[in-house]
Amino acid sequence: GKTTTLAKMAAREAIEKKKKTAMITVDTYRIAAVAQLQAYARIMDIPLEVAVSSGELERAIHNHRHCDYIFIDTAGMSPKTGEAIAELGKMFCIPEEIHGYLVLSATTRYENLIFADSKFQVFPFKSYIFTKLDETRDPAAMINFLIGRERPASFFTTGQRVPEDIELASKRRLASMILSHMRRGDENPAHEVFGYGSS
């Protein structure tokens with residue numbers, strides 16, 4: 001859902017807010033990822049560039065320095081692929097200021113979220129995006145994870161529609177998810193409140 005999420009963010013700015021927007025992808029591992037972004041770029045009528053090195057990435061950013069927003073897509077990686085993660089991290093060792101996001105799935109177990117977070121610390125990410133909120137009945141793992149982090153969540157995604165199924169993350173939204181889950185009575189509510197925020 002990472003590439004689709006980036007397309008949603010770009011569409012919000014380019015189409016809904018009429019901002020000058022460009023996209024760059026460094027995901028050359030999957031041909032389908034480039035093709036997918038090319039299709040979105042045509043629909044949104046915004047430029048897309050492909051970069052395969054830190055030098056090309058820096059040049060691509062410079063080429064679109066007049067834009068209000070530049071969205072950069074990276075390859076999706078398992079947190080177990082330490083060498084590949086380190087290589088990708090080197091690509092972002094450039095003098096440009098970039099707001100990085102770590103994109104995680106709301107369906108992931110708590111211990112796996114912690115593991116992924118620790119492995120991707122090589123990237124200068126500043127906040128989280130959680131995808132697939134529409135696919136989980138129990139948001140406890142995600143909420144516990146966010147409570148224990150210093151970085152905030154910026155966005156939640158709730159489906160495949162572009163750009164509709166993305167929303168700004170907020171404490172109110174998290175609270176509504178907790179209350180909604182408790183009202184369903186999936187577990188004993190008396191113990192559930194204690195569960196949120198535990199380590």
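In the predicted model, helix α1, formed by residues 2-16, lies across strands β1 and β3. The helix runs at about 170° to β3. The two strands beneath this description are themselves partners: β1 and β3 pair in the parallel sense, with five bridges between them. Within this pairing, Ala22 stands opposite Ile70 of β3.

Both strands belong to an open sheet of three strands, arranged in the order β2-β1-β3 with parallel pairing. Strands β2 (48-50) and β3 (69-73) occupy the edges; each has a single partner strand, so one side of each is left without a neighbour in the sheet. On average, and with direction ignored, neighbouring strands of this sheet are turned by 20° against each other. In general, the strands of a sheet pair through backbone hydrogen bonds, in either a parallel or an antiparallel manner.

The surroundings of β1 can be illustrated by Thr21, which lies in this strand (residues 21-25). Thr21 counts as buried because its relative accessibility is 4%, below the 20% limit for that class. Its side chain reaches the backbone oxygen of Lys19 at 3.1 Å. When neighbours within four places in sequence are left aside, the contacts of Thr21 are Ala10, Glu13, Ala14, Ile46, Pro47, Cys67, Tyr69 and Phe71.

A further set of paired strands involves β4, β5 and β6. Strand β4 (residues 100-105) is joined to β5 by six bridges, and the two run parallel. In this pair, Val103 stands opposite Ile129 of β5. From β4 the chain crosses through helix α5 (residues 110-119) to β5, in a β-α-β crossover that is right-handed. Strand β5 also pairs with β6 (residues 153-157), in the parallel sense and over three bridges. Here the bridge partner of Phe130 is Phe156 in β6. The connection from β5 to β6 passes through helix α6 (residues 140-147), and this β-α-β crossover is likewise right-handed. Strand β5 (residues 125-131) is mostly covered, with six of its seven residues buried.

In soluble globular proteins, nonpolar side chains tend to be buried together. The largest nonpolar core of the model comprises 35 residues, and those with the most contacts inside it are Leu57, Leu104, Tyr128, Phe130, Met142 and Phe156. Two or more residues are given to this core by each of α3 (54-63), α4 (82-91), β4, α5, β5, α6 and α7 (171-184). Helix α6 supplies the largest share, five residues. For Leu104, not counting residues up to four places away in sequence, the residues touched are Leu113, Ala116, Tyr128, Ile129, Phe130, Thr131 and Phe145. Apart from the largest core lies another, of 16 residues, which includes Leu6, Ala7, Met9 and Met23.

Beyond β5, Lys132 is located in the loop between that strand and α6. Lys132 counts as partly exposed because its relative accessibility is 32%, a value between the 20% and 50% limits. Although Lys132 and Thr158 are 26 residues apart along the chain, their C-alpha atoms are separated by 5.5 Å. With neighbours within four places in sequence left aside, Lys132 is in contact with Ser105, Ala106, Thr107 and Thr157.

Terms used
Residues are numbered from 1 along each chain as its sequence is written. This is a predicted model: local features need pLDDT of at least 70, side-chain atom pairs count only at pLDDT 80 or more; totals for chains, interfaces and linings use all residues. Side-chain values use heavy atoms; hydrogens and water are left out. Helices (H or I, at least four residues) and strands (E, at least two) are DSSP runs, numbered from the N terminus. Buried means under 20% relative accessible area, exposed over 50%, partly exposed in between (1.4 Å probe, protein chains only). A polar contact is a pair of N or O atoms within 3.5 Å; within protein, one must be able to donate a hydrogen and the other to accept it, and residues adjacent in sequence count only if both atoms are side-chain atoms. Contact means heavy atoms within 4.5 Å. Two strands pair if DSSP finds at least two bridges between them. Axes are lines fitted to C-alpha atoms, for helices over the stretch in contact, and angles run from 0 to 180 degrees between N-to-C directions. A crossover is right-handed if, with the strands pointing away from the viewer, the path from the first strand over the helix to the second runs clockwise. A nonpolar core is a set of buried Ala, Val, Leu, Ile, Met, Phe, Trp, Tyr and Cys residues joined through side-chain atoms within 4.5 Å.
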